[in-house]
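Grab a pencil and work through these short exercises on one small set of atoms. Try each task before you read its solution.

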Amino acid sequence: METVKVYMVRKSSDFEEVKTLCKKYAHEAEEVLIEETINLPLVWYNAL
């Protein structure tokens, strides 16, 4: 199993955008396992 770090480069506008992009680029996508999520303080999230 290979481990990689992935960083979000911008916030998606909504979940529909995420689903649309997943369908559009399905041939390039790989299945991943999310090991951890973190809740950012609202100020940090907005700054992102």
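Below are three exercises, each with a worked solution.

This is a predicted model, where local features need pLDDT of at least 70, side-chain atom pairs count only at pLDDT 80 or more, and totals for chains, interfaces and linings use all residues. Residues are numbered from 1 along each chain as its sequence is written, and side-chain values use heavy atoms, with hydrogens and water left out.

**Exercise 1.** Find how many helices and strands the protein has.

Step 1: Look for DSSP runs, numbered from the N terminus: helices are H or I with at least four residues, strands are E with at least two.
Step 2: You end up with two helices and zero strands.

**Exercise 2.** Track down the salt bridge and place its partners.

Step 1: Look for a side-chain nitrogen of Lys or Arg within 4 Å of a carboxyl oxygen of Asp or Glu.
Step 2: Searching the whole structure gives one salt bridge.
Step 3: Glu 16 pairs with Lys 19, and their closest N and O atoms are 3.1 Å apart.
Step 4: Both residues sit in helix α1, three residues apart, or about one turn of the helix.

**Exercise 3.** Decide whether Ile 38 is buried or exposed.

Step 1: Recall the cut-offs for relative accessible area: buried is under 20%, exposed is over 50%, and partly exposed is in between (1.4 Å probe, protein chains only).
Step 2: Find Ile 38 in the loop between α1 (15-24) and α2 (42-47).
Step 3: Its relative accessibility is 59%, so Ile 38 is exposed.
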